[in-house]
Each structure stands twice: as structure tokens, then as C-alpha cells.
Amino acid sequence: MNGKRIVIDSATNSLRMYGSDNLLAGTIDFIGEGGSTYPRMKLIEYVSGNPRYTVLIRPFIGEGGSTYPRMKLIEYVSGNPRYTVLIRPQLINVSENDGNDFYDVMINTNGISFLKNNVVTKSYPNK
């Protein structure tokens, strides 16, 4: 089967979307953790057959089984994840992996922190 289509799979309780290039463009499915089931949605954009952007929306399961929504956007460069944005109710995290170093900017109710290779280089508290 080729071309744009939506496939509903009752065995996996999932929905998969394919683009005209026959590549997987999106999924809606369920994930299970700790005896509970949660929804997940993933969308993928391709350029020349390689992922360019991925958007992932799903709950984050924290300690004690508490959950909260999260959205993750990944931009690929030369087929590798280069930039990532993670949004949760209490945190916004923007990351870059340039192949040598890993940079982060984290914004939360405590302030703004800048990190290089998981080490804080600058921090601005909110008080």
C-alpha cells in the first residue's frame, strides 16, 4: 500500500498516518507505565526522506506515579537531533547539541539557568 493513508490497528490500539512519500508522518497510541495507560501523539516532518522535525505530546510520569503534560519538539540537522524544546507546566527547557557540547537554557519558577554539558554556567534566580 502506497501514498497518503491512515491505518487503524486494533491489535495495538493505534492510529498511524503515512504521507505521500510512504513515510510515517504521525502516530496516536497508548503507553503503559505502573499499571496505568496514557495517550501519546507523535508527528514527524521529513525533508528528502530524513526527519526534520518531531513533535511529541504525552504525559510525563513522575515519582509516585504523578503525571503532568509535556510537549517535546525536536529539530534534526543531517539526520541527528540538534535542537530540542521541552515544555511542561513548571519548566521550559531549550537545548542544543552541536556534536561537541550540549547547551541548555532552563526557565522555571525559580529563575533562568544556562548550562553547558549539564554544568550550570550562569543562573538568574527570580528573587
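This report describes the fold, the surface and a few selected residues of one predicted protein model.

Because the model is predicted, local features are reported at pLDDT of at least 70 and side-chain atom pairs at pLDDT 80 or more, whereas totals for chains, interfaces and linings use all residues. Residues are numbered from 1 along each chain as its sequence is written, and side-chain values use heavy atoms, with hydrogens and water left out.

**Overall form**

The protein chain holds eleven strands and zero helices, where helices (H or I, at least four residues) and strands (E, at least two) are DSSP runs numbered from the N terminus. Its order along the sequence is therefore written as β-β-β-β-β-β-β-β-β-β-β. The radius of gyration is 18 Å, well over the 14 Å that the globule rule gives for 127 residues, so the protein chain is more spread out than a compact globule; this radius is taken over C-alpha atoms, and the rule is 2.2 Å times the number of residues to the power 0.38. Along the principal axes, the C-alpha atoms fill a box of roughly 55 × 40 × 20 Å.

Of the contacts between residues at least 6 apart in sequence, 4% join residues at least 24 apart, a contact being heavy atoms within 4.5 Å. Buried residues make up 24% of the 127 residues; buried means under 20% relative accessible area, exposed over 50%, and partly exposed in between, with a 1.4 Å probe and protein chains only. The protein chain exposes about 8600 Å², of which carbon and sulfur atoms supply 55%, the areas coming from the Shrake-Rupley method with a 1.4 Å probe and, for residues, with only the protein chains shown counting as cover.

**Two hairpins**

Two strands count as paired if DSSP finds at least two bridges between them. Strand 1 (residues 5–9) and strand 2 (residues 14–18) run antiparallel and are joined by five bridges, with Arg5 having Tyr18 in strand 2 as its bridge partner. These strands form a hairpin with four residues between them. Strand 10 (residues 111–116) and strand 11 pair in the antiparallel sense over six bridges, and Ser113 has Ser123 in strand 11 as its bridge partner. Here the hairpin has two residues between its strands. Strand 11 (residues 119–125) is hardly covered, since the count of buried residues among its seven residues is zero.

The table lists asparagines with a positive phi.

| Residue | Place | Phi |
|---|---|---|
| Asn13 | turn between strand 1 and strand 2 | about 55° |
| Asn22 | loop between strand 2 and strand 3 | about 70° |
| Asn117 | turn between strand 10 and strand 11 | about 50° |

Asn22 is partly exposed, with a relative accessible area of 30%.

**Two strand residues**

In a regular strand the side chains alternate between the two faces of the sheet. Thr27 is found in strand 3 (residues 24–33) and counts as buried at 8% relative accessibility. Leaving aside residues up to four places away in sequence, Thr27 touches Leu15, Arg16, Met17, Arg40, Met41 and Lys42.

Ile107 lies in strand 9 (residues 102–108) and is partly exposed, with a relative accessible area of 37%. With residues up to four places away in sequence again not counted, Ile107 touches Gln90, Leu91, Ile92 and Ile112. Ile107 and Pro125 are 18 residues apart in sequence, and their C-alpha atoms are 9.9 Å apart in space.
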